[in-house]
Amino acid sequence: MRNINMTQYLSFDIGGTNLKYALLNHEGHIIEKNRVNTNTESLASFMSSIYKIADAYKGKFEGIALCAPGKIDSKNKVIHYGGALTFLDGLDLNETLGKRYNVPVGVENDGKAAALAELWLGELQDVNSGFAMTLGTALGGGILLDGHVLHGKDFQAGEISWMITNISKGSNNLEAYSGYICSAVRMIYMINRAVGNSNLKDGIAAFDAIRSGNKTAVKIFKEFCLNLAAVILNIQVIVNGEKVVIGGGISAQPILIKEVRKQFKHILTDIQMINNQINPPEIVAAKFKNDANLYGALYALLLELNGEKVQ
């Protein structure tokens with residue numbers, strides 16, 4: 001009988017720019033990994049690139065795990081909407097990958113996959129309730145309740161980008177929503193434009209400006225962290241979590257976590273009644289960075305193979 005810990009799985013992280021993939025074993029060790037540009041021409045061309053990768057590993061994996069943007073029906077293995085990748089809407093992965101390779105297939109939302117990675121091998125291990133936030137173009141999220149990532153009746157739970165945090169802008173304006181206000185990409189763009197950097201996407205240059213004490217850069221950064229802290233408070237009053245894990249590329253910057261903690265404390269101390277009632281969660285950086293979704297997608301499949309029900 002084959003040792004289950006030696007079983008290998010092929011994991012995909014479908015992003016708007018990159019299609020990442022890795023061969024992992026049952027314990028979460030990456031054997032090899034790579035990435036290609038995401039083929040966005042059509043569903044057929046996209047699936048062709050998936051098949052090309054999987055064909056190269058044929059015979060080496062006993063399951064395929066995927067994560068993608070959009071509303072993901074993880075029970076029936078169907079992607080709905082697909083976020084920016086609208087051509088993925090309605091894609092049935094059992095009917096495509098499952099039938100082609102005759103192996104179990106799992107699929108999960110990318111924000112929930114990041115939370116699952118931390119639950120499995122990262123900062124949410126042994127945590128009963130909490131949540132993960134992924135900072136990027138918008139806000140990814142995964143809510144942990146009673147040791148399980150929450151999906152909700154329509155698999156929509158955790159889509160914190162659609163939390164209204166500035167209703168004065170009007171509900172028909174994206175500026176009212178946390179996905180816009182708490183966009184790390186937008187924050188970096190604003191700082192680089194304000195300080196005159198030619199590359200508006202340069203995150204390193206933006207944080208250099210913050211650390212150097214540039215007043216405009218610091219102001220934009222602090223406002224960004226205050227908005228993140230407000231989102232954390234909004235979730236915390238419902239979840240009452242033990243820990244908040246912040247991921248995404250900029251989470252590697254220690255000043256980010258430090259400032260979010262500071263802004264969260266300011267919110268609590270501004271109103272004594274809130275300070276008396278709300279216990280702050282521990283706010284930490286995620287353990288996993290660019291590979292988080294590869295781990296989380298696999299863990300979702302492993303839970304399913306182990307008979308765990310989607311919550």
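Here are some notes on the strands, helices and a few individual residues of this predicted model.

1. **The five-stranded sheet.** A good place to start is the open sheet built from 5 strands in the order 11-10-9-12-13, with mixed pairing. Its edges are strand 11 (148-149) and strand 13 (282-285), each of which pairs on one side only. Within this sheet, strand 9 (residues 130-135) and strand 12 (residues 243-247) run parallel and are joined by 5 bridges. If you would like one pair to click on, methionine 133 stands opposite isoleucine 246 of strand 12.

2. **Helices on that sheet.** Helix 3 (residues 110-121) packs on the sheet and touches strand 9, strand 10 (139-145), strand 11 and strand 12. The direction of helix 3 makes about 50° with that of strand 10. Helix 8 (residues 254-270) lies across strand 9, strand 12 and strand 13, and runs at about 160° to strand 13.

3. **Helix 3 by itself.** The 12 residues of helix 3 reach 17 Å from the first C-alpha to the last, close to the 16 Å expected at 1.5 Å a residue. How many of the residues of helix 3 are buried? The count is 10 of the 12, so the helix is largely enclosed by the rest of the structure. Among them are Lys112, Glu118 and Trp120, along with Gly111 and Leu116.

4. **A buried acid in helix 3.** Glutamate 118 is found in helix 3, and you may want to look at its surroundings. Which side chain of opposite charge is nearest to glutamate 118? It is lysine 289, 6.8 Å away; glutamate 118 is buried yet has no salt bridge. The cut-off for a salt bridge here is a side-chain nitrogen of Lys or Arg within 4 Å of a carboxyl oxygen of Asp or Glu. Leaving aside neighbours within four places in sequence, glutamate 118 is in contact with Glu123, Leu124, Gln125, Val245, Ala286, Lys287 and Phe288.

5. **The hairpin of strands 2 and 3.** Strand 2 (residues 18-25) pairs with strand 3 (residues 30-37) in the antiparallel sense, over 7 bridges. Leucine 23 has glutamate 32 of strand 3 as its bridge partner. There are 4 residues between the two strands, and in this hairpin glycine 28 takes a positive phi near 90°.

6. **Two asparagines with positive phi.** Asparagine 102 has a positive phi of about 55° although it is not a glycine. Its place is in the loop between helix 2 (94-101) and strand 8 (105-109). Is asparagine 102 buried or exposed? With a relative accessible area of 71%, asparagine 102 is exposed. Asparagine 240 also has a positive phi of about 55° without being a glycine. Asparagine 240 lies in the loop between helix 7 (215-239) and strand 12, and is exposed, with a relative accessible area of 54%.

7. **The three-stranded sheet.** Another open sheet has 3 strands in the order 5-6-7, with antiparallel pairing. Strand 5 (71-73) and strand 7 (91-92) stand at its edges with a single partner strand each, so one side of each is left without a neighbour in the sheet. Strand 5 and strand 6 (residues 78-80) run antiparallel and are joined by 3 bridges. Here, aspartate 73 stands opposite valine 78 in strand 6.

8. **Aspartate 13 in strand 1.** Aspartate 13 lies in strand 1 (residues 8-14) and counts as buried at 7% relative accessibility. Aspartate 13 and leucine 66 are 53 residues apart in sequence, with their C-alpha atoms 5.9 Å apart in space. Not counting residues up to four places away in sequence, aspartate 13 touches Asn18, Leu19, Lys20, Cys67, Asn293 and Leu294.

9. **Phenylalanine 12 in strand 1.** Phenylalanine 12 has its place in strand 1 and counts as buried at 0% relative accessibility. What does phenylalanine 12 contact, leaving aside its neighbours within four places in sequence? The contacts are Leu19, Lys20, Tyr21, Ile50, Ile53, Ile64, Ala65, Leu66, Cys67, Leu294 and Ala297. As for valine 245, it stands 22 Å from phenylalanine 12, C-alpha to C-alpha, and the two are 233 residues apart in sequence.

Technical notes
Residues numbered from 1 in each chain as written. Predicted model: local features only at pLDDT ≥ 70, side-chain atom pairs only at ≥ 80, totals over all residues. Heavy atoms only, no water. Pairing = 2+ DSSP bridges. Contact = heavy atoms within 4.5 Å. Axes fitted to C-alpha atoms, helices over the stretch in contact; angles between N-to-C directions. Buried < 20%, exposed > 50% of the residue type's maximum accessible area, 1.4 Å probe, protein only. Lys, Arg positive; Asp, Glu negative; His and termini not counted. Expected span 1.5 Å × (residues − 1).
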